[in-house]
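This report describes the fold and a selection of residues of one protein chain. Overall figures come before the sheets, and single residues follow.

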Amino acid sequence: MAREFQRGHKAKVSDLTSGTDLYVGVQIAGPGLTFDISCFGLDADEQLSDDRYFIFFNQPKSPEESIQLLGAQAGDTESFRVTLDRIPANIHKLSFTATLDGAGQMSQVGPGYIRIVAGGEEVVKYAFTGSEFTTERAVMLGDFYLKDVWRFAAVGQGFDGGLDALLKNFGGEVAEEAPAAPSQDAPPAFAPPSQASAPPAFGAPAAPQAPQPAPAFGAPSAPAPAPQQPPVHAAPTIAAPMAPQAPAPYGQPPQQPQFGQIPGQGAPPAAPPYGQQPPAAPPYGQQPPVPFGQQPPGLPHGVPQGVPAAGAGLQAALQPYKEAATGQRWTSQNQQLMRVDLTMGGMPVLARQGSMVMYQGKVDFGYKGAGFAGRMVGNATGQEMQLMRCTGRGQVFLAEEGAHLHPIELQGDGICVSAENVLAFDESLQYEVRRIEGHGIPGGALFTMQFQGTGTVVVKTHGVPVVLPVTPTTFADCNAVVAWSSASQVIISSQVRLRRNAYPGHSGETVNLQFRGAPGNFVVVQPYEV
């Protein structure tokens with residue numbers, strides 16, 4: 001029986017079907033809109049390192065034909081054949097996308113879907129509508145990704161820009177002019193459902209009606225009417241301050257703003273003093289110029305590295321700092337900023353109180369109490385967490401005092417983290433206070449927090465941490481340890497001796513934690529002592 005996925009749902013392919021020769025169908029349409037539907041074969045770094053695995057109208061199959069573009073059939077706007085057991089080892093993800101060819105935006109599309117068919121039977125479908133998007137011109141629909149085994153994820157994440165922008169996002173290069181799509185022979189009917197007129201609805205036989213457009217789950221088979229309301233977010237964004245321009249220096253007439261400048265700012269000096277920043281503050285969104293000897297030649301002073309010299313004005317200056325949209329629930333925007341998409345997964349997030357720096361959409365923040373017993377345990381063990389509960393539909397950005405943030409996804413396993421190193425986590429995770437075995441740490445903590453289940457916990461560190469495998473001779477300073485695998489055995493190892501205490505002076509490294517465990521266990525240490 002087919003399963004209906006919501007945005008953010010994931011499952012092992014083996015839980016959906018025992019087959020590896022799969023049919024992937026995409027149905028998407030809108031009044032006056034034309035779409036390019038593609039598949040990106042990405043490496044372990046989620047980059048298109050091999051252009052031969054970009055499957056689109058002008059390259060309909062991969063070299064070994066593990067991915068094939070089949071064309072429109074069985075009510076689908078576009079379809080693919082994917083043979084998972086023939087995909088080469090360097091391909092770790094298949095990302096199926098739809099981009100607009102011409103004018104329009106994704107908020108104008110009607111009901112659509114991406115579905116998987118195995119052996120002529122539909123096994124999973126993810127349905128979407130245009131109301132889930134705004135001004136985006138592309139959408140990442142679903143992914144096959146390799147994590148021990150092949151899995152499928154319903155993504156449904158909008159993306160600014162069209163096919164060229166999406167291709168650049170995956171590390172590919174855009175050709176100057178793509179030739180017209182070659183005519184294709186009749187696609188093989190190895191996997192589509194036997195009803196050629198229309199795809200089967202979820203749990204019900206197909207009705208003998210016109211093949212286009214395909215009905216979404218639970219929706220009538222008639223084509224969806226075009227949205228009547230005008231597209232939202234169509235007005236241009238005002239990024240520059242709405243303030244009168246500052247007078248030109250030394251009484252000179254005002255000048256046009258230079259590359260990357262906000263109107264009203266004076267031009268930076270042609271050559272600032274050695275190793276110093278320009279007198280004026282750098283424009284919004286830009287970093288100060290790098291020290292002498294590190295600025296690339298040919299770039300105007302004050303423009304951050306990586307900004308294309310051929311760009312123009314404010315948009316080019318802000319491009320390196322745009323929001324990163326990967327289609328995942330948790331996304332690192334940079335080392336100190338984390339974004340969680342509450343619309344994916346459909347579960348709340350528990351975060352440290354006051355850690356929200358910005359949010360988009362309709363999000364509610366509520367107090368998460370630990371109860372009387374929880375407060376007593378937290379006060380007694382030093383592992384009390386002051387949490388808030390984030391619910392709704394939108395994206396929340398989290399940070400705290402510039403700490404480095406690291407999302408750790410648990411798949412039924414566990415991790416031990418000190419409460420002061422936890423920034424946020426999915427409410428689906430179970431957590432409790434765990435005691436460290438030993439005789440005690442003078443002036444330190446005897447306890448830690450243990451997280452288990454399926455979900456993500458965001459750990460914060462001072463600086464870039466190091467992860468070490470657990471061996472019988474692994475020791476770490478108790479004030480520098482951040483986390484360790486819950487299967488590890490932790491013993492307090494004290495080097496305090498009477499002789500050392502009887503005389504003044506010692507090394508300062510008196511209490512350590514010793515870690516023991518089977519291969520595969522780990523310990524995380526930060527370059528900082530609490």
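A residue is called buried under 20% relative accessible area, exposed over 50%, and partly exposed in between, with a 1.4 Å probe and protein chains only. By that scale Thr 456, at 9% relative accessibility, counts as buried.

The model is predicted, so local features need pLDDT of at least 70 and side-chain atom pairs count only at pLDDT 80 or more, while totals for chains, interfaces and linings use all residues. Residues are numbered from 1 along each chain as its sequence is written, and side-chain values use heavy atoms, with hydrogens and water left out.

## Overall figures

The protein has five helices and 27 strands. Helices (H or I, at least four residues) and strands (E, at least two) are DSSP runs, numbered from the N terminus. Of the 530 residues, 41% count as buried. The exposed surface of the protein is about 27,300 Å², and carbon and sulfur atoms supply 54% of it; accessible areas come from the Shrake-Rupley method with a 1.4 Å probe, and for residues only the protein chains shown count as cover.

A contact means heavy atoms within 4.5 Å. Among the contacts with a separation of 6 or more, 70% are between residues 24 or more positions apart.

## Two open sheets

Strands are treated as paired if DSSP finds at least two bridges between them. One open sheet consists of six strands in the order β1-β10-β9-β3-β7-β6, with mixed pairing. Its edges are β1 (3-5) and β6 (67-69); each has a single partner strand, so one side of each is left without a neighbour in the sheet. On average, neighbouring strands of this sheet are turned by 20° against each other, direction ignored. That angle is taken between axes, which are lines fitted to C-alpha atoms (for helices over the stretch in contact), and angles run from 0 to 180 degrees between N-to-C directions. At one edge, β1 pairs with strand β10 (residues 121-128) in the parallel sense over three bridges, and Arg 3 stands opposite Val 124 in β10.

Another open sheet of six strands has the order β2-β12-β11-β8-β4-β5 and antiparallel pairing. Here β2 (10-12) and β5 (54-55) are the edge strands, each pairing on one side only. Within this sheet, strand β8 (residues 93-100) and strand β11 (residues 138-147) pair in the antiparallel sense over seven bridges. Lys 93 stands opposite Tyr 145 in β11.

## Selected residues

The table gives the relative accessible area of several residues.

| Residue | Relative accessible area | State |
|---|---|---|
| Cys 39 | 0% | buried |
| Cys 416 | 0% | buried |
| Thr 343 | 13% | buried |
| Lys 362 | 63% | exposed |
| Asp 148 | 76% | exposed |
| Glu 401 | 80% | exposed |

The structure holds zero disulfides, a disulfide being a pair of cysteine sulfur atoms within 2.5 Å.

Thr 456 lies in strand β21 (residues 447-461). Not counting residues up to four places away in sequence, Thr 456 touches Trp 330, Pro 407, Ile 408, Glu 409, Ala 424, Phe 425, Asp 426 and Leu 429.

Thr 343 is found in the loop between β14 (337-341) and β15 (349-352). Its side chain makes a polar contact of 2.5 Å with the side chain of Asp 341, and a polar contact of 3.3 Å joins the side chains of Thr 343 and Arg 7. A polar contact is a pair of N or O atoms within 3.5 Å; within protein, one must be able to donate a hydrogen and the other to accept it, and residues adjacent in sequence count only if both atoms are side-chain atoms. With residues up to four places away in sequence left out, Thr 343 touches Arg 7, Arg 393 and Gly 394.

Lys 362 lies in strand β16 (residues 356-368). Thr 391, Gly 392 and Arg 393 are the residues that Lys 362 touches, not counting those up to four places away in sequence. The C-alpha atoms of Lys 362 and Gln 395, 33 residues apart along the chain, are separated by 8.7 Å.

Backbone angles pick out two further residues. Most residues other than glycine have a negative phi. Asp 148 is not a glycine, yet has a positive phi of about 70°; Asp 148 sits in the loop between β11 and β12 (149-159). Glu 401, also not a glycine, has a positive phi of about 55°, and its place is in the loop between β17 (387-398) and β18 (404-417).
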